[in-house]
Amino acid sequence: MKTRFNRRTLVKAGLLSSFSGALAGLSGCQQGDSLQAIRVGINTRVRMLDPRKATDALSSRINRLLYRQLIDFDERFQPQPDLADWEQISLTHFRFSLRQESRFHNGDLLTADDVAATYQSVLDPDFGSAHQGSLKNIRQVSVVNSKQVDFILKQPDPLFVGRLVIGILPKSLMESGHPFHEQPIGSGPCHFVSMDEQRLILNRNDHIRLEFIPVKDATVRVLKLMKGELDIVQNDLSPELVEYCQKQAELQVDWHNGTNFGYIGFNFEDDLLSQPAMRRAIAMGIDRQAVIDALFNGHARLAGGLLVPEHWCGVADIHGYDYDPQRAKALLKQVEIPADSINSDGMIELSYKTSNDPTRIRLATIYQSQLKNIGIQLKIQSYDWGTFYSDIKQGRFQMYSLAWVGVKSPDIFQYVFDSNAIPPNGANRGRYRDPVADQLIRLAASQQNLDDQAKTYRQLQVHLQESLATLPLWYEDQYCVHRKGVSGYRLFADGRMDGLLKVTKQA
């Protein structure tokens, strides 16, 4: 049953009073409605403008506007040329050729020397790039001529081209110690102007200014949109706020299918959750479609695997376990339950950890209500992000929920599900150990034909669903909220903000 959010609902949730109070506080603000500025509301400051060290999603999306990469991805997430074409000379030898003349924002010509220097700096352990690990298979980067650069690998890797997504920087400025994190200089479609606590300013090549304005509170971001102090907000609002925006005459909400994979993680070292019947009972005891309809207003789709079906390794016909509470109750009878896992009401008690984000807590309470109907009492434990994430990495949980954001390469499966990828060696946080999964992961890594790889990765995803390595939930849609005078903004499945390069605004 869908949840309706009217004035009474907003009052009950405390949102209407928040809006009223915030509107009063904003009444004296200037609208600053400049034709030459597109103002984008973001939930935090941009952390890193050096693409060699950027790891968070927002910084990576901004860096795409400032720097160009050797390759990009098409709609099926297969590599395609950006700065350069490539040829595979041998199993371990790739040659990249710059496609056209490109210049950095300081006027210098971008050459193969800049490409080589960028990747050599990432590979330098003294530089401390977080991307060094994904490129550790590179034995050598060498310049052939001004337009060609060779990458020599230690061992074959058919997915190698898709790893070359670092923005290219000028060699001369890297050698002089230029502070790219404060004064970025790339060859992308936007030039850096300035950055302080209040905003990051970039200029497009058509002289339209992009202003990224941090506003931590989601309600205030919406209010600033309504007042005309912001033009666009992409994602990071609660479902109630998005629905509120859809009802405002001056605002418009646009949607696009997304790739962000939400899931519930299990601790496979736990006596209860290591039992397949227990995990299946939980999977069948949660009505995912009802959650999508009620909380996300239908703006998500059921997931069966980590990769979306349209990915070149995606599986079109898996969607997870169907809701079946009677079958779930029958499965619980097969579970060996330790005496200390039964509470005073005779129910199985499990702990569930989540962040203190209000939407995530609301989801946890829905799971709690649904699982109670099959005989499981979920004990919700919410923490600030740092504490929560530290507990998850260290295996201090029974169940938890997170999402994988912006995944493109299928080698994510080795990082997340391989028996050898338990933290700190990877992100196998649930301590999942499965010989069939390991065999398929290793087989895919050894295959040189991408069609063969795709087939193996599809088999792997079916096995991961059947064994419930995690409980797949859904792929949440991407959305943006913008003022009616804003047009031409395009959303992308992975959440990139490239739509800002074409967006326009009426006076």
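Between which helix and which strand is the loop that holds Asn297 found? Asn297 is found in the loop between helix H9 (288-295) and strand E13 (300-302), and the legends below return to this residue after an overall view.

**Figure 1. The whole protein, a predicted model with 15 helices and 19 strands.** This is a predicted model, in which local features need pLDDT of at least 70 and side-chain atom pairs count only at pLDDT 80 or more, while totals for chains, interfaces and linings use all residues. Residues are numbered from 1 along each chain as its sequence is written, and side-chain values use heavy atoms, with hydrogens and water left out. Helices (H or I, at least four residues) and strands (E, at least two) are DSSP runs numbered from the N terminus, and the protein has 15 helices and 19 strands. Its radius of gyration, taken over C-alpha atoms, is 24 Å, close to the 23 Å that the globule rule gives for 507 residues, so the protein is as compact as a globular protein of that length; the rule is 2.2 Å times the number of residues to the power 0.38. Along the principal axes, the C-alpha atoms fill a box of roughly 70 × 65 × 35 Å. Buried residues (under 20% relative accessible area, with exposed meaning over 50% and partly exposed in between, for a 1.4 Å probe and protein chains only) make up 54% of the 507 residues. Of the contacts (heavy atoms within 4.5 Å) with a separation of 6 or more, 68% are accounted for by residues 24 or more positions apart.

**Figure 2. Two asparagines with positive phi, Asn235 and Asn297.** Asn235 is not a glycine, yet its phi is positive at about 60 degrees. Asn235 lies in the loop between strand E11 (232-234) and helix H7 (239-246), and with a relative accessible area of 12% this residue is buried. Asn297, also a residue other than glycine, has a positive phi near 50 degrees, in its loop between helix H9 and strand E13.

**Figure 3. The cis peptide bond from Pro423 to Pro424.** The peptide bond that joins these two prolines is cis, with omega near 10 degrees. Pro424 is found in the loop between helix H13 (412-417) and helix H14 (435-446).

**Figure 4. Helix H7 and the buried Cys245.** Seven of the eight residues of H7 are buried, so this helix is largely enclosed by the rest of the structure. Those buried residues are Pro239, Glu240, Leu241, Val242, Glu243, Tyr244 and Cys245. With a disulfide taken as a pair of cysteine sulfur atoms within 2.5 Å, the count comes to zero disulfides. Cys245 is in no disulfide, and the nearest cysteine sulfur, that of Cys480, is 11 Å away. The relative accessible area of Cys245 is 0%, and Cys313 likewise counts as buried at 0% relative accessibility.

**Figure 5. Helix H3 (residues 57-66) and the strands it packs against.** Eight of the ten residues of H3 are buried, so this helix is largely enclosed by the rest of the structure. The buried residues are Leu58, Ser59, Arg61, Ile62, Asn63, Arg64, Leu65 and Leu66, and they pack against strands E1 (37-42), E2 (71-73), E8 (190-195), E9 (200-204) and E10 (209-214).

**Figure 6. Pro184 in the loop between helix H5 (171-175) and E8.** At 5% relative accessibility, Pro184 counts as buried. Leaving aside neighbours within four places in sequence, Pro184 is in contact with Leu49, Leu66, Tyr67 and Phe192; of these, Leu66 is one of the buried residues of H3. Pro184 and Gly499 are 315 residues apart in sequence, and their C-alpha atoms are 21 Å apart in space.

**Figure 7. Ser121 in helix H4 and Lys171 in helix H5.** Ser121 is found in helix H4 (residues 112-123) and is buried, with a relative accessible area of 12%. Not counting residues up to four places away in sequence, Ser121 touches Arg52, Phe127 and Met174. Lys171, by contrast, counts as partly exposed at 30% relative accessibility, and its contacts beyond four places in sequence are Asp113, Asp114 and Ala117. The C-alpha atoms of Lys171 and Gly320, 149 residues apart along the chain, are separated by 48 Å.
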